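Please look over the structure below with its cysteines, its strand pairings and one helix in mind. The paragraphs that follow take these topics in turn.

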Amino acid sequence: MASLKITKKHHKHLNNPFPSNPKTLPCIHGNLLFDFQSVPSEQIYDIGKDFQSNWSSKNGGSLCIFHKSEPSRSMWSTVPGRSFVSAAVAETEIEESRGSFVIKDRDIHLICNHQTIDNIRTIDTSDIVLRANNQDFTSFSNGLDQEKQNKGIQLPALLITGKIFCVKKRKNSIQSSEFIEKQPSTYAKYWMLFDQKNKNQIGFQVRLAKPKVEHRQKLSPRNYGYRAFTSKFGRIRRLQVGCSRYFSRKRGIITVSPAEEENVIMKNEGVTDFNRICITYSSEKSEKFYGFGEQFSHMDFKGKRVPIFVQEQGIGRGDQPITFAANLVSYRAGGDESTTYAPSPFYMTSRMRSLYLEGYNYSVFDLTKDDSVQIQVSKSSSIHCRVIINSSWHSGL
């Protein structure tokens, strides 16, 4: 089970002056899948009064958000063919000493990195048909109703629904034949909503349902003749006679009701709620990123991982020999290039694209890739963002 462990690290008379970098969840990459029968090849959707979204199935599928006054310039867009919603279940440990923290990701139990798009549509919060056909959407839409009353959301909004999933495969051979056995695949539904906040801001939010586990087995038709069939059938009979209970459990055959079966499988597999959600979107190699609150080491953060966590800024922050001396007399007191007591999950780029997160969860902005940005939010199965433009938005920058 994933957990959050917080420990107090007491400093010694002499500490390690060169502490190692903590293990963190790497940047997650996955594929984007969609059904041409339910998802159009290309479509433009209105978002409120001033924004539009363009969906295109070219190059694996991508989504682009733009202002109606600048239809040729992207505010926010996904990477073609790649998943833009992903999630993970990881164990996190936090060590604290005199206001200095180190956050470590221990065991990573699950990563759902692939994404499907089942439907793209504009909605109104009074859409009764959608609520009646999808019970999972009821709580999401009820929360949207309350948000509309409190903040005045301008309709229509754009809703994208689908699943995130991971699949493990294992190949086995039986004499002259070969078959592929799929290990239990984990999936979860997601809802992604884009809505206009005001004439200069568009917001989007992503929410995940609880993960579920599927047991499937697929046999390839290649060279699966009579000899291979009899060989496998004899093997199955021996397994049934020798260890029938184990065999039935491995196949997922459990003598309980369908409602209870899913709970039993999830318990056996150790699947729990997601505690890490990720959003991935496109960037440019030459794009420069500024902001992230009060930072002391860099102006441009392209190529960096920027954690948003309030702590002591450190003495030296990597400069020697000051950092060496500070770490020697107090545990991690020297800090590093990312430690700050006033971070903010907000940036502005040289392409006049600005984004900020709503909420107070620990987050990491991964800017290490040339063509993409990934935001990882911890201890949450939902994420809220806003993209901002103003009157200075123009194509000359």
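A disulfide is a pair of cysteine sulfur atoms within 2.5 Å. The model discussed here is predicted, and a search of the whole structure finds zero disulfides. Take Cys 27: the closest cysteine sulfur belongs to Cys 278 and lies 8.0 Å away, so the two are too far apart for a bond. The same pair can be read from the other end, since Cys 278 is in no disulfide and has the sulfur of Cys 27 as its nearest cysteine sulfur, at 8.0 Å.

Are these two cysteines buried or exposed? The cut-off for buried is under 20% relative accessible area. Cys 27 counts as buried because its relative accessibility is 18%. Cys 278 is buried as well, with a relative accessible area of 0%.

The strands come next, beginning with an open sheet. Four strands make up this sheet, in the order E3-E4-E5-E6, and their pairing is antiparallel. Its edges are strand E3 (42-47) and strand E6 (76-77), each of which pairs on one side only. Within the sheet, strand E4 (residues 51-56) and strand E5 (residues 62-67) are joined in the antiparallel sense by six bridges. One position to find in this pairing is Gln 52, whose bridge partner in E5 is Phe 66. In a regular strand the side chains alternate between the two faces of the sheet.

Further along the chain, strand E19 (residues 343-349) pairs with strand E20 (residues 354-357), again in the antiparallel sense, over three bridges. Tyr 347 has Leu 355 in E20 as its bridge partner. E19 and E20 form a hairpin with four residues between them. In the turn, Met 352 has a positive phi of about 55°.

Which strand is joined to E20 by four bridges? It is strand E23 (residues 382-388), and E20 and E23 run antiparallel. Here Ser 354 stands opposite Ile 388 in E23. E20 therefore has two pairings to trace, one with E19 and one with E23.

The last element is helix H5, which covers residues 322-329. Which of its residues are buried? Thr 323, Ala 326 and Asn 327 are. These residues lie on the same side of H5, because they cover an arc of only 95° around the axis.

Note on methods: Residues numbered from 1 in each chain as written. Predicted model: local features only at pLDDT ≥ 70, side-chain atom pairs only at ≥ 80, totals over all residues. Heavy atoms only, no water. Buried < 20%, exposed > 50% of the residue type's maximum accessible area, 1.4 Å probe, protein only. Pairing = 2+ DSSP bridges. Arc of directions from axis to C-beta.
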